[in-house]
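Hi,

Here is the structure I promised to pass on to you. Have a look at it first, and then read on for my notes on what turned up.

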Amino acid sequence: MITLALSKGRIFDETLPLLAAAGIEVLEDPEKSRKLILPTNQADVRVVLVRATDVPTYVAYGGADVGVTGKDTLLEHGGGGLFQPLDLQIAKCRVSVAVHNDFDYAQAVQRGARLRVATKYTTIAREFFARKGVHVDLIKLYGSMELAPLTGMADAIVDLVSTGNTLKANNLKEVEHIIDISSHLVVNQASLKLKQERLRRIIHAFAQGVDARNAA
């Protein structure tokens, strides 16, 4: 049995064409089914639905043989011990610094101010500002990041940005780009040895799917 860990939403939806390239079809809609383990048209392949941040953990500890997760999750929570054979180039976005429209970020950084930064990406943020030599106090949040500058709780946020429309709607502006993000295929090392032939076929099919999409 091959177990694939996916999270609901954009990653799931954008992985479906790659699964199709591997001849795998998920038989139930995760938005309609209450099941956490979904069957596929292949008797030896199943999909488990987990939180996006938990995908690397499930794969690392053998709860799944393979998974799809964002580069942000790998950077933040660590991808050690995982085989990462392929950038799937799906669910693209970026991690950026954003502030209120009225906040002079460049001036604050130039004069060496100590910034209060709200984020759920504390590892990424800490390393980014450390490289710049900017002193920050990190405030860990899990959602509604845009509220932090609006309520005066933070000077800036570090968060995922796709279109930037949510920032604009909340009178925020993107001031620094930290890193581009896309989703990657991750594989359990032990599974790769024990189920090598089957997993290699899936990896190869995914790679062909990525190439075909890029060539279209």
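The lining of the second largest pocket splits by class into four nonpolar, five polar and three charged residues. Please keep in mind that this is a predicted model. The space in this second largest pocket comes to about 170 Å³. Its lining is made up of Arg-10, Cys-93, Glu-146, Asp-159, Leu-160, Val-161, Ser-162, Thr-163, Gly-164, Asn-165, Thr-166 and Leu-167. Two elements, β9 and α7 (165-169), give two or more residues each to that lining.

One of those lining residues, Glu-146, deserves a paragraph to itself. Glu-146 sits in the loop that runs between β8 (136-140) and α6 (147-150). Is Glu-146 buried or exposed, and which side chain of opposite charge is nearest? Glu-146 is buried, and yet it has no salt bridge. The nearest side chain of opposite charge belongs to Lys-120, and that is 10 Å away. A salt bridge needs a side-chain nitrogen of Lys or Arg within 4 Å of a carboxyl oxygen, so a nitrogen beyond that cut-off does not count. If neighbours within four places in sequence are left aside, the contacts of Glu-146 are Ile-157, Asp-159, Thr-166, Leu-167, Asn-170 and Leu-172. Among these contacts, Asp-159, Thr-166 and Leu-167 also appear in the lining of the second largest pocket.

The loop between β8 and α6 has other residues to look at. Tyr-142 is placed in this loop, and with a relative accessible area of 71% Tyr-142 is exposed. The C-alpha atoms of Tyr-142 and Lys-120 are 5.5 Å apart, although 22 residues separate the two along the chain. Ser-144 is in the loop between β8 and α6 too, and Ser-144 has a positive phi of about 50 degrees although it is not a glycine.

Another backbone angle of this kind belongs to Gln-89, where phi is near 55 degrees, again a positive value in a residue other than glycine. As background, most residues other than glycine have a negative phi. Gln-89 is found in the loop between β5 (82-87) and β6 (93-100). With a relative accessible area of 30%, Gln-89 is partly exposed.

Now for the largest pocket, in case you want to set up a grid there. How much space lies in the largest pocket? The figure is about 560 Å³. There are 25 residues in the lining, and the closest to the centre are Ala-52, Asp-72, Lys-120, Tyr-121 and Leu-160. Lys-120, then, is both one of the residues closest to the centre of this pocket and the nearest opposite charge to Glu-146. Leu-160 is another of the residues closest to the centre, and Leu-160 is also in the lining of the second largest pocket. At least two lining residues of the largest pocket come from each of α1 (10-21), β4 (66-70), α3 (71-77) and β9 (156-161). The largest share, four residues, is supplied by α3. By class, the lining of the largest pocket has eight nonpolar, nine polar and eight charged residues.

Last come the charge pairs. How many salt bridges does a search of the whole structure find? The search finds nine, and here are three of them.

- Arg-10 and Glu-14 join through their side chains at 2.9 Å, N to O. Both are in helix α1, four residues apart, which is about one turn of the helix. Arg-10 is partly exposed at 39% relative accessibility, and Glu-14 is partly exposed at 28%. Arg-10 is also in the lining of the second largest pocket.

- Lys-195 and Asp-65 form a salt bridge at 3.0 Å, N to O. This pair links distant parts of the chain, 130 residues apart: Lys-195 is in the loop between α8 (189-194) and α9 (196-215), and Asp-65 is in the loop between α2 (55-60) and β4. Asp-65 is buried at 5% relative accessible area, whereas Lys-195 is partly exposed at 28%.

- Arg-114 and Asp-137 meet at 2.9 Å, N to O. Arg-114 lies in the loop between α4 (105-110) and β7 (115-119) and Asp-137 in strand β8, so this salt bridge ties together parts that are 23 residues apart in sequence. Asp-137 is partly exposed, at 33% relative accessible area.

Best wishes

Conventions. Residues numbered from 1 in each chain as written. Predicted model: local features only at pLDDT ≥ 70, side-chain atom pairs only at ≥ 80, totals over all residues. Heavy atoms only, no water. Buried < 20%, exposed > 50% of the residue type's maximum accessible area, 1.4 Å probe, protein only. Lys, Arg positive; Asp, Glu negative; His and termini not counted. Contact = heavy atoms within 4.5 Å. 1 Å grid on protein atoms, 1.4 Å probe; cavity = no way out; pocket = protein on both sides within 12 Å on 5 of 7 lines; lining within 4 Å. Points joined across faces, edges and corners; volume = space filled by probe spheres on them. Nonpolar A, V, L, I, M, F, W, Y, C, P; charged D, E, K, R; others polar.
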